Amino acid sequence: MTEQPKIHNVGIIMNGVTGRMGTNQHLVQSICAIRKEGGIKTADGEIIMPDPILVGRNSLKLRELCHTHGITRASTDLDACLDDPQSIIYFDAQTTGRRAEAVKKAIAKGKHVYCEKPTAVSSEQAYDLYKAAKAAGVKNGVVQDKLWLPGLVKLKTLIESGFFGDILSVRGEFGYWVFDGKGQVAPQRPSWNYRKEDDGGIISDMLCHWQYIIQNLFGEIQSVTCLGATHVKERVDEQGNTYRCTADDSAYATFQLHNGVIVHFNSSWAVRVRRDDLLTIQVDGTKGSAVAAPDVEPRCRLRHQVRRRLDTRPGLPGLRQCLQGAVGDVSAACGQGRAVEAYITGGREGRAACGTGYAELGEEGVGGRPSAGGMIGRISWIPDNPLLNLSVPSREVTQGNQKSKCNPAIENCSIVSVVIPL
Ligand SMILES: NC(=O)c1ccc[n+]([C@@H]2O[C@H](COP(=O)([O-])OP(=O)(O)OC[C@H]3O[C@@H](n4cnc5c(N)ncnc54)[C@H](O)[C@@H]3O)[C@@H](O)[C@H]2O)c1
């Protein structure tokens, strides 16, 4: 008979678990998912099994949650839960303003702590919690979920590979329409978010995310200035009553980092113009730029400075060699791309078909006119084996007594940058 692994049931008090974040992110997608997978295996083959007790005000809601997700324990008495030695971890996803007090209480009872962001609504309160947790010697952590979004992981890889050269600046655009409830579409966020008196506001809600993203990817923050605005003045709450918005729904923040990088983030619960993604982050460096949409589908667009001239032989061999070099530069930094565009300067008007892509010149610098910005065309191709597939029709030209074959579209070009959507 094979020996069963030892299972450690770890009691976790989950408070605020009837809310949006508490139910979806933390109960269903984290704790229930881990339980379904049979817990977490340790290096020595034992198993850690989270054993939650759901805490809240409404016993009916708690019972329903337990029933739906196969949880056996629930309580409306937080103090009693904190007194129970079986539960060694306190988790909090209550509304922001209620967190500091509850976490402090849990620390005083010797519980390890994990909680939603922000930990508090003032720096003093947040620092106070940190000191209390340190003094009590309990393990403590705050949600920093965005760091593991695929696009951000990709950005970090690029930064570490030196792809950007020296990073100069970073621009973040975050935002989506949160409906005001006046039309037929229900608002997607709780109404307390828009009331200062209930500790709402996008500055306290989102800048904590930007803080850990910036510090983990770009450097230590030296200073921040932030302009908040309440663009939508009136909304409708969960009961259908119209209320005045007293908290900021938009934030325009500029961070200066110790290393000289300038980071600007716009955040909004009111606008969404040409934003396919909730969040895009553009990084600009001396050697390259990238725009990452860090959401579920990683979409990353890189522009790498190449500055390579075609070799002296015009036409396909030169182009191929040049592209090979350019793609080599980029793929060394960021791995294999799916489709590549090379931006070209110089050359003359023309259009040439390629095996799996196309080369198109002349849009901006028609007829060989040098274009002011230097960009006159673009080549794109699919790099399954792009360079082998690339075929550009060439023509015969006569120079003095010599006849040679060349392609009118691509002679005398320089590839100045390569763009790879990853
Ligand atoms: N990590 C992220 O990306 C992310 C995203 C959204 C929200 N959040 C954070 O999660 C927290 C919860 O946000 P939400 O959108 O889930 O809010 P929500 O309003 O949906 O849920 C709030 C929870 O607090 C409880 N609660 C409210 N008032 C209470 C009271 N008086 N007494 C006891 N319990 C009370 C509610 O019952 C509910 O369980 C916030 O601090 C927010 O900043 C994090």
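**Strands, cores and a ligand shell in a predicted model**

A good place to begin is the pairing of Val 55 with Ser 75, which stands opposite in strand 4. The structure described here is a predicted model. Strand 4 covers residues 73-75 and pairs with strand 3 in the parallel sense, over three bridges. Between these two strands comes helix 2, residues 59-69, and strand 3, helix 2 and strand 4 together make a right-handed β-α-β unit.

Strand 3 has other partners too. With strand 1 (residues 7-15), strand 3 (residues 47-55) pairs in the parallel sense over nine bridges. Within this pairing, Leu 54 of strand 3 is found opposite Met 14. Strand 2, residues 40-41, runs antiparallel to strand 3 and is joined to it by two bridges. Here Ile 40 has Ile 48 of strand 3 as its bridge partner. Five residues lie between the strands of the hairpin formed by strand 2 and strand 3, and in this hairpin Gly 45 has a positive phi near 85°.

Stepping back to the whole protein chain, the secondary structure amounts to nine helices and 23 strands. The chain has 422 residues, and 36% of them count as buried. Among contacts between residues at least 6 apart in sequence, 66% connect residues that are at least 24 apart.

In soluble globular proteins, nonpolar side chains tend to be buried together. In this model, the largest nonpolar core holds 31 residues, and Leu 155, Trp 210, Ile 214, Phe 218, Val 263, Val 283 and Ala 292 have the most contacts inside it. Several elements supply at least two residues each to this core, including helix 6 (150-161), strand 8 (167-175), strand 12 (250-257) and strand 13 (262-268). Helix 7 provides the largest share, with eight residues. A second core, separate from this one, has 27 residues, among them Val 17, Leu 54, Leu 65 and Ala 74.

Helix 7 is also the place of Tyr 212. With 16 other C-beta atoms within 10 Å, a count that falls between the limits for exposed and buried residues, Tyr 212 is partly exposed. Beyond its neighbours within four places in sequence, Tyr 212 is in contact with Gln 144 and Leu 147. Gln 144 is 68 residues away from Tyr 212 in sequence, yet their C-alpha atoms are 7.1 Å apart in space.

Around the ligand there are 19 residues, of which Gly 19, Arg 20, Met 21, Thr 96 and Pro 190 come nearest. By character, the shell consists of four nonpolar, eight polar and seven charged residues. Helix 1, residues 20-36, gives the most to this shell, contributing three residues.

Two loops hold backbone features of interest to the newcomer. In the loop between strand 6 (112-115) and helix 5 (123-136) lies Pro 118. The peptide bond joining Lys 117 and Pro 118 is cis, with omega about -15°. The loop between strand 8 and helix 7 contains Asp 199. Although not a glycine, Asp 199 has a positive phi, near 65°. Asp 199 has 19 other C-beta atoms within 10 Å; a residue needs 20 or more to be buried, so Asp 199 is partly exposed.

Technical notes: Residues numbered from 1 in each chain as written. Predicted model: local features only at pLDDT ≥ 70, side-chain atom pairs only at ≥ 80, totals over all residues. Core = buried A, V, L, I, M, F, W, Y, C linked by C-beta atoms within 7 Å. Buried ≥ 20, exposed ≤ 12 C-beta atoms within 10 Å, placed from the backbone. Helix = DSSP H or I, 4+ residues; strand = E, 2+ residues; numbered from the N terminus. Near = placed C-beta within 6 Å. Nonpolar A, V, L, I, M, F, W, Y, C, P; charged D, E, K, R; others polar. Pairing = 2+ DSSP bridges. Right-handed = clockwise from strand over helix to strand, strands pointing away. Contact = placed C-beta atoms within 7 Å.
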